[in-house]
Amino acid sequence: MRIRLVLADAVYLLAHGGRLVAMVGLGREAAELPLGRLYTRDASIVGFAISNASVADLADAARGVVGVLRDTPWRPRIAGRLPLSRAAEAHRALESGEVRGRLVLTPAAGDGR
């Protein structure tokens, strides 16, 4: 299931003084926004384009991501393990929403992978 959010709807969810970061494709048209809501909530919308980041900015961000991944115990919830031959079944289960967690597909022994 793919969820598509509308920027204007997100404005109504902002806390007082909140900030919304907008990242959209270049082909997207300007959205109608409830400017009164932004004004009365002292909220703001800022844009972000990774293509504007300098090499130093990107390197700094990469170090931050590595630090979080290294220092944060992250344990994905494994709902089950299936052989690669059952990939279609795994996709159907995930798409139906009946699986809570991740399905790990494993190659069959001796297939050279």
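1. A salt bridge is a side-chain nitrogen of Lys or Arg within 4 Å of a carboxyl oxygen of Asp or Glu. E89 and R86 form one, and their closest N and O atoms are 2.6 Å apart. Both partners are partly exposed: E89 has a relative accessible area of 35%, and R86 has one of 34%.

2. The model is predicted. The mean pLDDT of the protein chain is 84, and 85% of the residues score at least 70. Among the elements of the chain, the lowest mean pLDDT, 83, belongs to helix α1 (residues 7-13), while the highest, 94, belongs to strand β4 (residues 102-106).

3. On the overall layout, the protein chain contains 4 helices and 4 strands. Their order along the sequence is α-β-α-β-α-β-α-β. For contacts between residues at least 6 apart in sequence, 54% join residues at least 24 apart.

4. On the surface, about 9800 Å² of the protein chain is exposed, and carbon and sulfur atoms supply 57% of that area. Of the chain's 113 residues, 13% count as buried.

5. How many salt bridges does the structure hold? There are 3. The E89 and R86 pair is one of them, and the other pairs are taken up in the next two points.

6. R63 and D60 form a salt bridge with their closest N and O atoms 3.8 Å apart. That distance counts because the cut-off is 4 Å. Both residues lie in helix α3 (residues 55-71), and because they are 3 residues apart there, about one helical turn separates them. R63 counts as exposed, at 54% relative accessibility, whereas D60 counts as partly exposed, at 49%. The labels differ because exposed means over 50% relative accessible area.

7. D71 forms a salt bridge with R70, and the closest N and O atoms of this pair are 3.0 Å apart. Is D71 buried or exposed? D71 counts as exposed, at 54% relative accessibility. R70 is exposed as well, with a relative accessible area of 60%.

8. Which residues make up the largest nonpolar core? The core has 5 residues: V11, L14, L20, L38 and A43. In soluble globular proteins, nonpolar side chains tend to be buried together. V11, a member of this core, is in contact with L20, L33, P34, R37, L38 and I45, leaving aside its neighbours within four places in sequence. V11 lies in the range of helix α1 (residues 7-13).

9. Strand β1 (residues 19-22) has two faces: L20 and A22 are on the covered one, and R19 and V21 are on the uncovered one. L20 also belongs to the core described above. β1 pairs with strand β2 (residues 44-47) in the parallel sense, over 4 bridges. In this pairing, V46 of β2 stands opposite V21.

10. R81 belongs to strand β3 (residues 78-83). With a relative accessible area of 59%, R81 is exposed. R81 and T106 are 25 residues apart in sequence, yet their C-alpha atoms are 7.1 Å apart in space. T106 falls within the residue range of strand β4 (residues 102-106).

Note on methods: Residues numbered from 1 in each chain as written. Predicted model: local features only at pLDDT ≥ 70, side-chain atom pairs only at ≥ 80, totals over all residues. Heavy atoms only, no water. Buried < 20%, exposed > 50% of the residue type's maximum accessible area, 1.4 Å probe, protein only. Contact = heavy atoms within 4.5 Å. Areas by Shrake-Rupley, 256 points an atom, 1.4 Å probe, with all protein chains shown as cover. Core = buried A, V, L, I, M, F, W, Y, C linked by side-chain atoms within 4.5 Å. pLDDT = per-residue confidence, 0-100. Pairing = 2+ DSSP bridges.
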